[in-house]
Amino acid sequence: MTHYEVFAACFPELDLCEEAFENMLPISAENVIERREKDELIGYAVTEKNALRLLCVLPEYQGKGVGSALLNEAESRLRQAGAKELIVGGTDSRLFIGAPEKVKGFFEKRGYPMTDHYDEMTGNLASFRAADFSLPVPEGVAFGWYHGDFEKMRQAVAQVDDSWPQYFHEDQPVFCAILNGEIASFCAVDEWENCLLSNGRNRVGAPGCVGTVPAFRRQGIGLKMVALACEELKKRGCDTVFIHYTGVAHWYAKLGFRVFLTQYFCRKRL
């Protein structure tokens with residue numbers, strides 16, 4: 001079996017194509033640890049820097065110590081390389097940013113305390129219409145693509161999250177809401193060729209770094225902005241929306257989007 005086939009057997013609920021998998025998780029002899037049975041691949045772990053990017057064991061071999069052996073070897077490898085801790089996934093990973101909920105218990109039993117958890121969400125853009133939802137906003141709010149001074153945009157973004165301004169620049173499409181001449185809400189808009197929802201048949205659009213400046217919150221502006229940004233993605237030919245790494249699933253659910261994966265952040269001192 002290939003690495004992809006083992007992954008697909010472990011996570012059949014994810015409709016991820018082989019090409020996207022390989023693009024998101026480069027595997028080489030230097031970063032993979034394998035277990036084989038009669039020369040057939042039954043499980044593997046992939047490491048990078050101080051992260052465990054992926055650990056997979058065929059379902060019929062789970063519960064037999066294969067996963068534990070792979071994890072022990074990954075910890076030993078990183079320790080020898082000078083790492084002080086092992087992070088499961090990592091927020092810079094395009095595949096899993098943490099431990100998927102179905103393997104949460106495996107890591108907990110091996111000394112990995114769970115901290116925050118975040119959701120990955122999706123929705124069907126082919127049938128999406130902002131008009132189908134009740135999205136009242138104050139009079140005078142204007143929605144559209146941002147073409148103004150990006151320093152002003154970054155200042156607004158910093159009021160929401162001071163780690164986000166780096167993602168907002170002239171080459172990044174940004175959809176926003178303007179009220180009384182001020183940036184009220186914003187989101188970076190991307191088309192992702194490779195993500196957890198890439199199945200080789202769809203086009204995936206993602207509104208990311210979604211935020212509303214504190215002075216304009218609780219007025220419905222941000223939610224309507226996301227809805228209209230999704231309509232723009234639909235015009236560009238996207239048929240699937242990807243809400244990546246969110247802690248407010250209940251908010252996006254108001255637009256009919258659903259959680260398809262919950263991940264837990266965890267790490268362990270080595």
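1. Among contacts in the protein chain between residues at least 6 apart in sequence, what percentage join residues at least 24 apart? It comes to 72%. Keep in mind as you look around that this is a predicted model.

2. Now for the overall picture. The protein chain has 270 residues, and 49% of them are buried. Its secondary structure adds up to 7 helices and 12 strands. If you follow the C-alpha trace along its principal axes, you get spans of about 70 × 40 × 30 Å.

3. Have a look at helix α6, which runs over residues 221–235. From its first C-alpha to its last, this 15-residue helix reaches 21 Å, close to the 21 Å expected at 1.5 Å a residue. Just after α6 comes G237, and the phi of G237 is positive, near 100°.

4. How much of α6 is buried? The count is 11 of its 15 residues, so the helix is largely enclosed by the rest of the structure. The buried ones include I221, G222, L223 and M225, and E232 is on the list too. What do they pack against? The partners are the strands β7 (142–145), β8 (174–179), β9 (182–192), β10 (204–212) and β11 (240–246), plus helix α7 (249–252).

5. Next, the nonpolar cores. A handy rule for a first look: in soluble globular proteins, nonpolar side chains tend to be buried together. Here the largest nonpolar core has 50 residues, and those with the most contacts inside it are F7, F21, Y44, L54, L95, F96 and F107. Take F7 as an example: leaving aside neighbours within four places in sequence, F7 is in contact with L14, L16, F21, Y44, L54, C56, L95 and F96. Apart from this core lies another, of 24 residues, and L223, A227 and C230 of α6 are among its members, as is L135.

6. On to the cysteines. A disulfide is a covalent bond between the sulfur atoms of two cysteines. How many does a search of the whole structure find? The answer is 0. C176 is in no disulfide, and its nearest cysteine sulfur, that of C187, is 8.6 Å away. C176 is also buried, with a relative accessible area of 3%. As for C230, the closest cysteine sulfur is again in C187, at 7.9 Å, which is too far for a bond. C230 counts as buried because its relative accessibility is 0%.

7. Then there's the largest pocket, with a volume of about 1,300 Å³. It is lined by 43 residues, and the closest to its centre are W164, G208, C209, V210 and Y245. Which element gives the most to the lining? That would be β10, with 7 residues. Helix α6 turns up here as well: along with β6 (114–124), β9, β10, β11 and α7, it supplies at least two lining residues.

8. One last residue to click on is E75, which sits in helix α3 (residues 66–80). Is E75 buried or exposed? With a relative accessible area of 6%, E75 is buried, because the cut-off for that is under 20%. Not counting residues up to four places away in sequence, E75 touches L86, Y112, K268 and L270.

Technical notes. Residues numbered from 1 in each chain as written. Predicted model: local features only at pLDDT ≥ 70, side-chain atom pairs only at ≥ 80, totals over all residues. Heavy atoms only, no water. Helix = DSSP H or I, 4+ residues; strand = E, 2+ residues; numbered from the N terminus. Expected span 1.5 Å × (residues − 1). Buried < 20%, exposed > 50% of the residue type's maximum accessible area, 1.4 Å probe, protein only. Contact = heavy atoms within 4.5 Å. Core = buried A, V, L, I, M, F, W, Y, C linked by side-chain atoms within 4.5 Å. Disulfide = S-S within 2.5 Å. 1 Å grid on protein atoms, 1.4 Å probe; cavity = no way out; pocket = protein on both sides within 12 Å on 5 of 7 lines; lining within 4 Å. Points joined across faces, edges and corners; volume = space filled by probe spheres on them.
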